[in-house]
Amino acid sequence: MMDNIAVNLRADFPILNREVRPGVPLVYLDSTATSQKPWQVIQAMDQYYQKNNANIHRGVHTLAEEATAQYEEARQKIASFINAASTNEVIFTRNTTESINLVAYTWGRQALQPGDIIILTEMEHHSNLVPWQILAAEKGLRLEFIPVTDDYLLDLEEYQRLLALKPKLVAFTQMSNVLGTINPAKEMIRMAHDAGALTLIDGAQSVPHFPVDVQDLKADFLAFSAHKMCGPTGIGILYGKENLLENMPPFLGGGDMIRKVMLRSFSPNDLPHKFEAGTPAIAEAIGFGVAVDYLKSVGMEVVAAHEREITAYALDRLSEIPGLEIFGPAIEHKGGVVSFTLRGIHPHDVAQLLDREGIAVRAGHHCAMPLHQKFNIPATTRASFYLYTTLDEVDQLARGLENVVRIFG
Ligand code: 7TS
């Protein structure tokens, strides 16, 4: 029954009608890398450029006021989407990666001392790993890692032991982009706070796929990207608790982020502008606001339930394929990502053969090399799902994989 939702929504996504080659329709199973965009988002951005284009926060002319109002309205929509207490807590960045780097470069540089500990996990995307490695090298910090268990979950007992080291920060993904593991963020944040640590949640794969409420989670920082949630590329969010952002130094210096500038000094602007130097991605912010409207109109509970149905079906169908091994937890802990290997066949060959049939999947380390090193594999093939994915597409994937097995004999 849920499948009807995807079937009905598909008409909103123009690209899903395209053929990859004549007679070969697109089966898009790479939404974890980036989602497709509904016409509502595409049209809003097009309209902005045709009717309202102007720089924001500067001009007094009508267009500048309209553009500023639309940009700030988008911030309001996004704040409400994650239930932020104030729009001052919602900073526009380029993407999840930049949001995490912002915290590392500002809060990290200011608050951390040599010997301080940051806890990460073994399942992090490089964007929640490398910024901390850079900071650790600069400041002499120690990085500790919550291990991934044989069931592809985080080892919370080991986490509890690591918290006894009195870390300053715990930074972890709410959902793995490889395993699909959904981590118990609320409990993990509570544990961190009990130990006196702040928390940064990588929400790149959670905010697009299920309801995320920052006040319920009590998250200190949350990072996510528009392009994975029906919005455009080039724009993302750093959510931060207002008192934390208030006390952090600015990130990039330049226009908009200042209140007053003298030749040798400046005073920073109020939140959220303090962290938004230079002309921002205005059309993208407006598109992001419309993407959030779109997801709200479907309902995030509905999106999550649909993905659960699709994922359960995919786990079932793929388990019938000889030599196929899935890397990820049982369905009750898992979002819409299925990474796998086929015995004796390179993951890139699998992806290439599927592409011949119009099926788009990703192969590689998915920007999580340490996780693949842990499992002693260089790469996996990954199929990922979203609100527009149908059961029929999962069947096409399964048939495509059966074909790959036949070809390699
Ligand atoms: N964190 C997680 C968990 C992610 O999945 C990604 C992107 C990022 C951070 C970085 O997001 P960005 O928008 O700043 O690039 N993940 C993927 C992926 O799995 N395939 O391509 C991008």
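Here are some questions and answers about this predicted model.

Student: Let's start with the overall layout. Which residues make up domain 1 and domain 2, and how far apart are their C-alpha centres?

Tutor: Domain 1 takes in 3–30 + 299–407, while domain 2 covers 42–297. Where the two touch, domain 1 gives 36 residues and domain 2 gives 32 residues. As for the spacing of the C-alpha centres, the value is 28 Å.

Student: On to the sheet of four strands. Which strands stand at its edges, and why is one side of each left without a neighbour?

Tutor: Read the order first: β13-β14-β17-β16, an open sheet with antiparallel pairing. The strands at the ends of that order have a single partner strand each, so one side of each has no neighbour in the sheet. Those edge strands are β13 (324–327) and β16 (362–364).

Student: And how much are neighbouring strands of this sheet turned against each other on average?

Tutor: Ignore strand direction here and average over the neighbouring pairs. For this open sheet of four strands, the value comes to 30°.

Student: What is the bridge partner of G364 in β17?

Tutor: β16 and β17 (residues 380–384) pair in the antiparallel sense, over three bridges. G364 has its partner in β17, and that residue is T380.

Student: Which helix runs at about 10° to β14?

Tutor: Two helices are worth checking. Helix α12 (residues 347–356) lies across β14 (337–342), β16 and β17, but its angle of about 160° is given against β16. The other helix, residues 391–408, lies across β13, β14 and β17, and the one running at about 10° to β14 is α14.

Student: Now the sheet of seven strands. What is its strand order?

Tutor: Pairing is mixed in this open sheet. Its edge strands, each pairing on one side only, are β4 (90–93) and β6 (142–146). The twist averages 20° from one strand to the next. The full order is β4-β10-β9-β8-β7-β5-β6.

Student: Which residue of β8 stands opposite T173?

Tutor: Strands β7 (residues 169–173) and β8 (residues 198–202) run parallel, joined by five bridges. Opposite T173, in β8, stands D202.

Student: What angle does helix α6 make with β6?

Tutor: Don't mix up the helices on this sheet: α4 lies across β4, β7, β8, β9 (221–225) and β10 (236–240), at about 150° to β9. Helix α6 (residues 156–163) touches β5 (117–121), β6 and β7 as it packs on the sheet. Its direction makes an angle with that of β6 of about 155°.

Student: Which element gives the largest share of the lining of the largest cavity?

Tutor: The whole-structure search finds one cavity of 30 Å³ or more, and the space in it is about 30 Å³. A104, Y105, R109, P131, I134, L135 and E138 line this cavity, and the elements giving two or more residues are α4 (96–111) and α5 (130–139). By class, five lining residues are nonpolar, none is polar and two are charged. The largest share, four residues, comes from α5.

Student: Two backbone details to finish. Which residues does a cis peptide bond join?

Tutor: Look in the loop between β12 (266–268) and α10 (282–298), where P272 is found. Omega is about 0° for the bond, and the residues joined are L271 and P272.

Student: And where is H57 found?

Tutor: H57 has phi near 60°, a positive value in a residue other than glycine. Its place in the chain is the loop between α2 (39–52) and α3 (62–81).

Terms used:
Residues are numbered from 1 along each chain as its sequence is written. This is a predicted model: local features need pLDDT of at least 70, side-chain atom pairs count only at pLDDT 80 or more; totals for chains, interfaces and linings use all residues. Side-chain values use heavy atoms; hydrogens and water are left out. Two strands pair if DSSP finds at least two bridges between them. Axes are lines fitted to C-alpha atoms, for helices over the stretch in contact, and angles run from 0 to 180 degrees between N-to-C directions. Contact means heavy atoms within 4.5 Å. On a 1 Å grid over the protein atoms alone, a cavity is a set of points where a 1.4 Å probe fits but cannot get out, and a pocket is an open set with protein on both sides within 12 Å along at least five of seven lines; lining residues have an atom within 4 Å of a point. Grid points are joined across faces, edges and corners, and a volume is the space filled by probe spheres set on the points. Ala, Val, Leu, Ile, Met, Phe, Trp, Tyr, Cys and Pro count as nonpolar, Asp, Glu, Lys and Arg as charged, and the others, Gly among them, as polar. Domain bounds come from an automatic or database domain assignment.
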